Amino acid sequence: MSENYVAPNQQRYLRACMVCSIVMTQARFREEGCPNCEEFLHLQGSPEQIENCTSAVFEGLIALADPSKSWIAKYNRLDGYVRGTYANKVLGQLPDEIRIMLEEEYRIQYIPRDGSATEAD
């Protein structure tokens, strides 16, 4: 069985990262962290960080087998990320202290994935 398979009785535990929008179960975020954002979000083993940086409310799913060659990955700012399942929109935004840390320490411009801001803002 695929490592990304989610049994129907586990779908209620799906969460989406607010930075990259990858969708995984809460347990998988706890065990592995975010495959794209772990270096600066530190989700692995931290229920509080998972609660702050992921959301259980998201719209649409995009399955990416090769993000570097996918036009939909480029359109959704997902090129350069690992293959997997991503949300179209993720409701919620990072807490201010995490957003500031991303911008000041890691020089990462946070663009919310909930549709409230665009790259031109």
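Read along the sequence, the protein chain runs β-β-α-α-α-β-β-α-β-α. The model on display is predicted. Colour the chain by secondary structure to follow this order; the count comes to 5 helices and 5 strands.

**The whole chain**

Begin with the C-alpha trace. Along its principal axes, the trace spans about 40 × 35 × 25 Å. The radius of gyration is 14 Å, which agrees with the value near 14 Å that a compact globule of 121 residues would have.

Next, display the contacts between residues at least 6 apart in sequence. Of these, 52% join residues at least 24 apart.

**Helix H2 and the segment after helix H5**

Select Phe 40 and Tyr 106 and show their side chains. These two residues form one of the 2 aromatic pairs that a search of the whole structure finds. Their rings lie 5.7 Å centre to centre with 50 degrees between the planes, and the pair is tilted. Such an angle falls between the limits of 30 degrees for stacked and 60 degrees for edge-to-face, so the pair belongs to neither of those classes.

Now widen the selection to residues 38-41, which make up helix H2 and contain Phe 40. Add helix H5, residues 96-105; Tyr 106 lies in the segment after this helix. Because the two rings sit in parts that are 66 residues apart in sequence, the pair ties those parts together.

Are the two partners buried or exposed? Phe 40 has a relative accessible area of 8% and is buried, whereas Tyr 106, at 28% relative accessibility, counts as partly exposed.

**Tyr 81 and Tyr 86**

Move to Tyr 81 and Tyr 86. The ring centres are 6.3 Å apart and the planes meet at 15 degrees, so this pair is stacked; the limit for that class is under 30 degrees. Switch on the surface and look at each ring in turn. Tyr 81 counts as partly exposed, at 24% relative accessibility. Tyr 86 is buried, with a relative accessible area of 0%.

**Surface and charges**

Keep the surface on and return to the complete chain. Buried residues account for 40% of the 121. The area that the chain exposes is about 7,400 Å², and carbon and sulfur atoms supply 47% of it.

Finally, colour the charged side chains by sign. The chain carries 12 positive and 18 negative charges. How far apart are the mean positions of the two sets? The separation is 7 Å.

Conventions
Residues numbered from 1 in each chain as written. Predicted model: local features only at pLDDT ≥ 70, side-chain atom pairs only at ≥ 80, totals over all residues. Heavy atoms only, no water. Phe/Tyr/Trp six-rings, centres within 6.5 Å; stacked < 30°, edge-to-face > 60°. Helix = DSSP H or I, 4+ residues; strand = E, 2+ residues; numbered from the N terminus. Buried < 20%, exposed > 50% of the residue type's maximum accessible area, 1.4 Å probe, protein only. Rg over C-alpha atoms; globule rule 2.2 N^0.38 Å. Contact = heavy atoms within 4.5 Å. Areas by Shrake-Rupley, 256 points an atom, 1.4 Å probe, with all protein chains shown as cover. Lys, Arg positive; Asp, Glu negative; His and termini not counted. Charge placed at Lys NZ, Arg CZ, Asp CG, Glu CD.
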